[in-house]
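Colleague: I would be grateful for a close look at a single part of this model. Please start from one residue, describe its surroundings, and then place that part in its wider setting.

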Protein chains: 4
Amino acid sequence: MKCTIIGATGYAAIELIRMIELHPYLEIVSLISDSMTDQDINLLYSFMNENNYSRLAKFSVEHIEEVETDILFLATPSGISMNYVKQLGNWKGTVIDLSGDLRLEKTLYEKWYGHEGIDRLIQRKATYGLTEWKRDQIKQSRLIANPGCYATAILLGLLPLLAEEMIDPAQIIVHASSGLSGAGKTLTEQTHHVRSNENVRLYKMNRHQHIPEIESIAEDITGQKIMISLATYLVPLNRGIMATMTLQPLVEKTEAAWRAWFSEKYENEPFIRIGQAEPEIKSAAGSNYCDLSVYVDPRTGRLTVVSVIDNMQKGAAGQAIQNANVVCGYPETSGLTQQPFFI
Amino acid sequence: MKCTIIGATGYAAIELIRMIELHPYLEIVSLISDSMTDQDINLLYSFMNENNYSRLAKFSVEHIEEVETDILFLATPSGISMNYVKQLGNWKGTVIDLSGDLRLEKTLYEKWYGHEGIDRLIQRKATYGLTEWKRDQIKQSRLIANPGCYATAILLGLLPLLAEEMIDPAQIIVHASSGLSGAGKTLTEQTHHVRSNENVRLYKMNRHQHIPEIESIAEDITGQKIMISLATYLVPLNRGIMATMTLQPLVEKTEAAWRAWFSEKYENEPFIRIGQAEPEIKSAAGSNYCDLSVYVDPRTGRLTVVSVIDNMQKGAAGQAIQNANVVCGYPETSGLTQQPFFI
Amino acid sequence: MKCTIIGATGYAAIELIRMIELHPYLEIVSLISDSMTDQDINLLYSFMNENNYSRLAKFSVEHIEEVETDILFLATPSGISMNYVKQLGNWKGTVIDLSGDLRLEKTLYEKWYGHEGIDRLIQRKATYGLTEWKRDQIKQSRLIANPGCYATAILLGLLPLLAEEMIDPAQIIVHASSGLSGAGKTLTEQTHHVRSNENVRLYKMNRHQHIPEIESIAEDITGQKIMISLATYLVPLNRGIMATMTLQPLVEKTEAAWRAWFSEKYENEPFIRIGQAEPEIKSAAGSNYCDLSVYVDPRTGRLTVVSVIDNMQKGAAGQAIQNANVVCGYPETSGLTQQPFFI
Amino acid sequence: MKCTIIGATGYAAIELIRMIELHPYLEIVSLISDSMTDQDINLLYSFMNENNYSRLAKFSVEHIEEVETDILFLATPSGISMNYVKQLGNWKGTVIDLSGDLRLEKTLYEKWYGHEGIDRLIQRKATYGLTEWKRDQIKQSRLIANPGCYATAILLGLLPLLAEEMIDPAQIIVHASSGLSGAGKTLTEQTHHVRSNENVRLYKMNRHQHIPEIESIAEDITGQKIMISLATYLVPLNRGIMATMTLQPLVEKTEAAWRAWFSEKYENEPFIRIGQAEPEIKSAAGSNYCDLSVYVDPRTGRLTVVSVIDNMQKGAAGQAIQNANVVCGYPETSGLTQQPFFI
């Protein structure tokens with residue numbers, strides 16, 4: 001299938017390009033950047049090769065159609081994506097939006113994002129692209145809201161527990177650390193190497209926009225109303241998220257039994273692995289895996305679930321391609337079989 | 001006063017040396033290393049200068065006395081320190097032990113450390129050296145159990161709240177990240193740069209030996225029995241700890257009111273600062289400060305207290321010197337006025 | 001073709017596994033580790049999947065044959081590889097040795113490596129696997145000495161110049177920085193995160209074993225006797241080498257003309273790119289590319305050639321696979337088309 | 001003495017503040033920032049304490065005099081410092097300028113900096129503040145051009161050799177790596193963590209403005225005309241410079257003899273150390289030391305001198321304070337006795 005990427009100079013786009021170039025069935029036909037139209041992306045990024053799509057195009061529905069786009073990836077920030085979605089109108093292809101613009105109901109969106117949301121009717125047409133939990137709807141959908149990075153990591157850990165009422169929905173405390181690519185390409189004091197290096201920073205405490213995403217999707221999928229505490233940290237590395245969920249189980253099981261339980265829940269999922277050892281970001285970084293670990297504290301009775309993903313892959317571009325595979329009817333792992341970097 | 005350091009090639013000792021060399025009233029008279037006796041420490045560590053104490057000595061009570069030691073720092077690991085304490089017998093000077101060997105009651109120690117503890121009578125003589133909370137006892141003590149790094153960060157945040165029964169003692173969930181120096185100098189797969197770099201690792205989940213230290217000291221000081229959940233992480237940087245405590249307050253206050261409350265509790269403490277901004281390790285790394293931040297989540301009602309220290313300073317060598325200052329009757333900030341590195 | 005890897009727990013092997021799993025025509029049939037026989041590699045490395053070759057096998061010629069190995073990768077250290085080569089005797093398959101054991105003539109080897117070299121007759125059978133310069137011989141060879149990482153980076157920059165007598169062979173000064181994976185998996189003080197992080201270390205000054213490799217291969221290929229100065233540095237990152245060669249040109253050309261000249265020399269080489277911008281390790285890390293940059297200093301008349309590779313790919317596993325492709329007659333880029341990580 | 005710092009929010013100023021607060025005889029009376037006048041510096045930098053000089057002042061000669069400034073540090077960028085110097089006119093105090101504005105003769109300055117230089121008469125009044133080589137002049141001077149970071153590291157290695165005609169002045173090839181703080185606080189693509197991390201970048205090849213500084217100072221001090229090749233690299237760490245000088249000696253000496261020779265040349269210099277071991281940035285980072293190492297290659301006959309400094313200390317703020325000590329007649333090491341961080 002033919003892919004076009006809008007917002008082609010941002011990190012998510014860079015990762016999409018890197019992965020689609022390895023994909024057996026997808027190909028890039030155009031890269032769009034409205035701020036850098038007509039520039040060559042390989043001059044901006046020394047590692048990129050010159051090729052037939054390296055000159056950045058300007059967005060128009062005509063252009064999208066002219067290059068025969070089947071799948072359009074919006075790798076644009078929240079607040080920007082919605083403008084493209086609106087302009088696309090009745091365009092026939094599939095849109096996969098990596099921003100937050102289609103993930104939340106309008107009122108909730110406006111409360112947490114602080115600016116106007118997209119029209120309710122359009123947002124309702126969008127399918128939340130958490131592949132493992134929405135596969136059937138994604139297959140039918142032509143407008144996909146690719147999940148947020150923290151939301152992906154956290155929901156994959158919480159949803160099986162909520163779906164079977166295994167935990168107290170009012171006692172969910174999450175601490176999640178992300179590499180600097182999660183902060184995006186924008187230059188800020190916090191992303192200057194001298195500041196971020198040898199540092200950990202707690203940011204958006206109680207205010208992260210993935211909080212309502214996690215809560216509303218959890219309710220949508222499991223019917224359970226939850227209210228989470230979320231502390232998010234910038235840690236000095238490029239890729240990866242580790243999310244630790246401290247939970248109050250409603251049933252008693254040993255650590256081994258919980259592990260077996262999770263293994264069973266995700267038995268046929270190619271990208272979800274239940275780990276034995278101490279969890280580390282390195283087990284997933286560079287791959288589309290979500291690695292889940294489980295702990296039970298015999299003293300407090302609490303259950304801890306740790307979820308590790310690569311924020312650029314399962315948390316962004318990887319899951320977007322996984323969704324494209326579902327939409328296109330390709331094997332779901334197509335183009336996504338690379339192992340973690342480790343080194 | 002004259003200082004001798006045992007275990008002189010480890011990280012805590014290196015930091016003690018660096019700081020005592022800047023101290024106006026303390027001086028080093030001997031460095032002891034039983035594994036590297038007679039070697040020159042400046043050949044091991046390129047940055048160190050040759051001087052009259054750079055040749056590593058062998059431990060004996062006679063040697064300690066011969067060099068006229070007033071204060072003996074044990075910068076040796078848990079399980080090793082106790083051997084020196086035993087051999088010191090009735091030596092007249094002050095011992096400040098940076099290991100865990102004197103911090104816990106024998107039964108508790110043996111349960112969490114997995115090896116035999118020191119004699120009960122000796123352990124009971126030791127004062128827990130959390131300076132801000134034990135100043136008067138430290139002043140009288142000749143055997144000081146310098147607190148653990150995580151324990152220092154966490155107790156400084158919890159104790160005021162527990163002392164005034166401001167939080168539910170059964171609802172204390174702590175996530176704490178530490179730089180690699182916290183893992184010590186021993187070579188392990190986890191401290192090899194290629195493994196630790198670009199990684200975050202959750203380790204000793206529910207099993208960290210600072211859990212009983214925090215719980216027993218909290219009870220000792222505040223009379224409240226607590227049981228905490230503690231998740232500890234290695235993050236890819238050299239120094240610093242950030243500990244985030246998610247708590248259930250028993251009284252209702254705004255964020256600003258909590259901040260004012262903490263400011264009042266620690267009003268006269270030179271090393272405790274109540275921060276306004278987003279907490280970051282960089283605000284304390286390189287200094288003896290403990291920076292506390294406070295958040296209230298209006299949605300969940302939870303109170304979050306974040307404590308940042310330098311694990312090598314307030315979490316080890318800095319607090320040891322602070323305790324030495326108390327013992328010697330020096331101004332408590334002597335030799336500890338350096339600001340964080342920042343860069 | 002069926003591949004077996006000896007020394008399967010080291011970094012080069014890990015990278016070979018990661019890449020062969022993505023390769024369209026190669027497959028792994030056995031992983032061998034004589035020190036960890038019968039253990040599961042996925043228990044050592046959390047990121048690896050369990051599969052039919054994850055249990056580590058013991059080396060024997062019978063085993064190699066039993067699993068129908070076509071290509072045997074020796075990912076073992078120098079001094080170890082030679083033992084396997086000897087034991088293989090007349091085994092019919094292709095051996096690609098990633099160590100230094102087959103690269104140097106015996107006397108030279110023993111002088112620089114400090115231990116006994118392999119038998120002269122065996123060493124002479126080996127082809128030096130710098131693919132771009134030895135393609136025809138590699139095609140015919142069943143014993144390939146895969147080049148060293150620094151040697152690859154430096155030779156790819158020097159050889160065109162030497163072959164056409166463009167530079168003074170007595171005036172070659174090279175400074176080359178490598179990430180920590182270049183130091184291997186062995187635990188040493190220098191690879192402990194606390195030491196290597198926030199550090200640069202100059203090591204093996206004038207003594208690096210890649211010096212004779214570069215000099216003898218340059219003479220072998222171009223007929224020119226050269227004598228280089230080489231300073232090698234460990235820099236705090238995981239992958240990548242940047243080698244800067246300061247040279248005295250024998251002809252006068254502008255920077256643009258030199259660039260054009262290099263472009264022409266490497267015109268048909270899929271993995272060699274002549275860059276425009278400031279060179280950076282990130283342009284190649286994660287890929288099999290060698291990126292060359294050229295500078296002329298109008299003041300001093302010196303020519304500077306900068307060569308950037310990923311030490312794990314073009315400097316080790318990537319080039320090994322490139323050589324396997326040549327031996328097998330596959331398109332040379334098979335399994336090697338991944339772009340640099342960038343993030 | 002009373003110190004005022006202009007450009008108080010930049011890195012050099014931050015380091016000056018950190019160090020002057022530890023200095024026994026210097027004190028800060030005012031921090032000036034024309035771009036952030038009236039803001040509190042402790043709100044910008046979480047680690048700073050509130051105190052009587054934390055509110056940023058606006059520059060005027062009246063203000064400088066009103067706060068009774070003895071020493072004025074210009075921690076402003078090149079092109080900006082000169083404006084303050086001009087406005088200061090006949091102000092009676094001592095000015096120490098950390099920028100490049102006073103280091104070069106006007107024509108040379110304009111050629112390499114690309115903008116107008118300061119008036120010749122003013123520039124000629126300035127003393128180049130390389131303390132070890134200009135101590136007597138500094139003592140008499142009221143206008144000091146504090147040396148550049150690369151220039152400091154390189155000149156301290158070259159000057160003894162040039163002064164005694166020990167090396168070929170036409171054969172000086174320098175490779176120098178700097179941490180990110182050397183790139184300053186300005187936000188750029190190259191200082192974004194995701195780009196700089198896991199990267200090495202060669203920048204300003206043959207064009208670095210420290211080239212003419214090194215050459216003209218070397219001629220001024222030793223009478224020898226030199227022309228150097230300089231390659232400068234950004235390496236992913238915060239502080240430190242390692243400069244490696246590949247040289248052609250005119251006399252023959254063993255490595256040990258060269259080391260002894262350097263030791264003798266710098267015999268009474270408190271901040272210059274001649275190292276034995278492999279040089280590393282960590283031996284100096286955090287201190288005002290310059291650590292020199294020497295190598296002789298018996299094969300090529302070349303001499304290699306490696307110079308390591310902390311770019312923020314001996315390469316900027318530390319040397320500025322060293323110069324202030326000289327001007328004030330304090331012991332030269334006052335406030336500069338801290339050892340390297342190491343951890």
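Modeller: The residue chosen is A:Ile281, which is buried, with a relative accessible area of 0%. This is a predicted model, and the values that follow are to be read as such. A:Ile281 sits in a loop of chain A, between β11 (272–274) and β12 (290–296). Apart from its neighbours within four places in sequence, A:Ile281 contacts residues of two chains. In chain A these are A:Leu237, A:Arg239, A:Gly240, A:Ile241, A:Met242 and A:Val308, while chain B supplies B:Glu198, B:Asn199 and B:Val200. One of these partners, A:Arg239, is 42 residues away along the chain, yet its C-alpha atom is separated from that of A:Ile281 by 8.4 Å.

A:Ile241, a contact of A:Ile281, also touches A:Cys149. UniProt, in an unreviewed entry, places the feature "active site" at A:Cys149. That residue belongs to helix α8 (residues 149–163) of chain A. A:Cys149 has a relative accessibility of 14% and therefore counts as buried, the limit being under 20%. Residues up to four places away in sequence aside, A:Cys149 touches A:His210, A:Ile309, A:Asn311 and A:Gly315 as well as A:Ile241.

In chain D, helix α8 (residues 149–163) gives 11 residues to the largest nonpolar core, and this is the largest share. The core has 112 residues. Since domain 1 (2–125) and domain 2 (150–311) of chain D both contribute residues, the core lies between them. Among its members, D:Ile5, D:Leu16, D:Phe73, D:Leu158 and D:Leu161 touch the most others. For D:Phe73, the contacts beyond four places in sequence include D:Ile5 and D:Leu16, together with D:Ile20, D:Ile96 and D:Leu98. D:Phe73 also touches D:Ala320 and D:Ala324.

Chain D offers a further buried site at D:His208, whose relative accessibility is 3%. D:His208 lies in the loop between β8 (201–203) and α10 (210–222) of chain D. With neighbours within four places in sequence left out, D:His208 is in contact with D:Trp112, D:Tyr150, D:Tyr203, D:Leu230 and D:Thr232.

As to the assembly, a turn of 180° with a shift of 0.0 Å along the axis lays chain A on chain C with an RMSD of 0.0 Å. This is the relation of a two-fold axis. The same surface serves both copies, since 100% of the contact residues of chain A recur in chain C.

Terms used:
Residues numbered from 1 in each chain as written. Chains lettered and ligands numbered in written order. Predicted model: local features only at pLDDT ≥ 70, side-chain atom pairs only at ≥ 80, totals over all residues. Heavy atoms only, no water. Least-squares fit on C-alpha atoms with pLDDT ≥ 70 in both. Contact = heavy atoms within 4.5 Å. Helix = DSSP H or I, 4+ residues; strand = E, 2+ residues; numbered from the N terminus. Buried < 20%, exposed > 50% of the residue type's maximum accessible area, 1.4 Å probe, protein only. Core = buried A, V, L, I, M, F, W, Y, C linked by side-chain atoms within 4.5 Å. Domains from an automatic or database assignment. UniProt positions renumbered as here; feature names shortened; annotations may be inferred.
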